[in-house]
Amino acid sequence: MSESRFTSTDHALMAQALRLAERGAYTTRPNPMVGCVIAHGDAVVGEGWHRRAGEPHAEILALQAAGDRARGATAYVTLEPCAHTGRTGPCADALIAAGVARVVAAMRDPFPQVDGAGFDRLRVAGIAVEAGLMEAQARRLNRGFLSRIERGRPFVRVKLATSLDGRTAMANGDSKWISGDASRLDVQRWRARAGAILTGAGTVLADDPSLTVRLEDDTPFVPPLRVVLDPGLATIARGRVREGDAPTLYIHTADAKPPREIAAQRAVAPADGSNFDLRAVLELLAARGINEVQVEAGATLAGAFIAAGLADEVLLYVAPVLLGDQARPLFAGLGIHSMAERAHLKIVDARAIGQDQRILLQPAPAA
């Protein structure tokens with residue numbers, strides 16, 4: 001349905017539902033973020049958002065808040081109500097039982113156990129169903145979940161900090177710190193929404209990162225999985241990635257000799273020598289319910305994701321410093337030898353973070 005057929009009230013209340021959904025950004029995975037608003041006209045009688053997997057869905061919380069006032073109302077939902085029983089019951093059935101007259105959804109849920117079945121169940125019960133309002137915003141919100149369901153792999157964000165001359169570390173590997181305090185704090189929010197933070201063995205050995213989330217307040221979050229691509233398991237006996245509450249997964253090649261004590265913390269992925277099949281790595285993570293992966297690695301691994309066409313987004317912090325032409329580049333191994341082969345990106349957001357600039361980029365077709 002064309003969005004022009006929806007009223008201004010419909011738009012306003014769906015926008016409210018999307019804002020509610022985003023509150024679950026750090027806690028709902030592997031489930032999608034969903035918000036729900038129940039209203040008579042522009043009078044809201046109930047609202048809710050999905051907080052955590054296994055807990056009530058957005059529609060259930062909104063119906064609980066509305067009580068008897070849900071009868072005859074319109075329910076605005078950012079994703080098609082579910083029609084199956086998982087850890088919770090079908091939301092479509094709950095909406096029917098509550099007597100809502102109309103359901104407006106931002107988009108259909110491609111999850112195989114839903115995928116139109118929720119809409120069908122509502123329509124059979126005599127409820128008016130309209131979908132497609134603010135769908136682009138809803139898809140953006142749940143880009144990780146949708147990537148896992150529709151493409152069989154997580155959404156990939158490559159995070160880098162660079163100098164003005166496009167360098168990420170000195171020739172000896174020293175990179176602390178290119179960006180400022182505000183940027184390093186901002187990164188924590190992006191980490192918190194990721195299902196996994198991925199790096200390579202070289203970064204663990206050189207920088208000893210913890211890859212944990214350190215927020216400046218008490219915002220709840222689910223610790224992301226720390227993933228180390230380590231062909232020969234050179235890092236398993238060292239490094240801060242082994243410490244803290246966040247789980248760690250070591251991905252290695254078939255010929256590595258893993259010690260028995262890390263049996264539950266490892267997985268095998270195909271590789272050409274020490275170069276992993278990154279698509280296979282991502283499919284492995286998708287099978288573990290990972291929606292979004294944030295890559296925090298050096299030029300070689302970052303470049304490999306770009307070269308393989310697997311980087312959906314680049315999160316770039318540009319600091320007002322110069323490191324010189326002997327310092328390490330942003331990306332290595334792109335195999336670009338002419339202007340005709342240059343990789344095109346589009347800027348989707350740019351803003352100041354402290355004294356740095358944060359630029360969010362996505363791949364773009366050649367002009």
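This passage describes the strands, a helix and the charged side chains of a predicted model. Residues are numbered from 1 along each chain as its sequence is written, and side-chain values use heavy atoms, with hydrogens and water left out. Because the model is predicted, local features need pLDDT of at least 70 and side-chain atom pairs count only at pLDDT 80 or more, while totals for chains, interfaces and linings use all residues.

We may begin with the nine-stranded sheet. An open sheet of 9 strands runs in the order 11-10-9-8-14-6-15-18-17, with mixed pairing. Here, strands (E, at least two residues) and helices (H or I, at least four residues) are DSSP runs numbered from the N terminus, and two strands pair if DSSP finds at least two bridges between them. Strand 11 (266–268) and strand 17 (345–353) are the edge strands, each pairing on one side only. Neighbouring strands of this sheet are turned by 20° against each other on average, direction ignored; for such angles, axes are lines fitted to C-alpha atoms, for helices over the stretch in contact, and values run from 0 to 180 degrees between N-to-C directions.

Within this sheet, strand 6 (residues 155–162) runs parallel to strand 14 (residues 292–295), with 4 bridges joining them. One of these places F155 opposite its bridge partner E292 in strand 14. Strand 6 also pairs with strand 15 in the parallel sense, over 6 bridges, and L160 has L316 of strand 15 as its bridge partner. To strand 18 (residues 356–363), strand 15 is joined by 5 bridges, and these two strands run antiparallel. L316 appears here too, with I359 as its bridge partner in strand 18.

How many of the residues of strand 15 are buried? In strand 15 (residues 313–318), 6 of 6 residues are buried, where buried means under 20% relative accessible area, exposed over 50%, and partly exposed in between (1.4 Å probe, protein chains only). E313, L315 and Y317 point one way from the strand, and V314, L316 and V318 point the other way. This arrangement fits a simple rule: in a regular strand the side chains alternate between the two faces of the sheet.

Strand 3 (residues 74–77) offers another covered case, with T74 and Y76 buried on one side and A75 and V77 buried on the other. Strand 1 (residues 35–40) runs antiparallel to strand 3 and is joined to it by 4 bridges, with V37 and Y76 as bridge partners. Strand 4 (residues 102–105) pairs with strand 3 in the parallel sense, again over 4 bridges, and the bridge partner of V77 in strand 4 is A105.

Turning to helix 9 (residues 278–287), 7 of its 10 residues are buried, so this helix is largely enclosed by the rest of the structure. The buried residues are L278, A280, V281, L282, L284, L285 and A286. At the start of helix 9, a side-chain oxygen of D277 reaches to within 3.2 Å of the backbone nitrogen of R279. Just after the helix, G289 takes a positive phi of about 85°.

The charged side chains complete the picture. The structure holds 19 salt bridges, a salt bridge being a side-chain nitrogen of Lys or Arg within 4 Å of a carboxyl oxygen of Asp or Glu. One of them joins D186 and R358 (3.0 Å, N to O). This pair links distant parts of the chain, with D186 in helix 7 (residues 181–193) and R358 in strand 18, 172 residues apart. Both D186 and R358 are buried.

Helix 7 takes part in other salt bridges as well, including that of R189 with D217 (2.7 Å, N to O). R189 lies in helix 7 and D217 in the loop between helix 8 (201–207) and strand 9 (225–229), so the pair ties together parts that are 28 residues apart in sequence. R189 is partly exposed, with a relative accessible area of 22%, and D217 is partly exposed at 37%. R191 forms a salt bridge with E296, the closest N and O atoms being 2.7 Å apart. R191 belongs to helix 7 and E296 to the loop between strand 14 and helix 10 (299–307), 105 residues apart. R191 is buried at 7% relative accessible area, and E296 counts as buried at 9%. Finally, R140, R157, R193, E292 and E313 are linked in a network of salt bridges.

Technical notes. A polar contact is a pair of N or O atoms within 3.5 Å; within protein, one must be able to donate a hydrogen and the other to accept it, and residues adjacent in sequence count only if both atoms are side-chain atoms.
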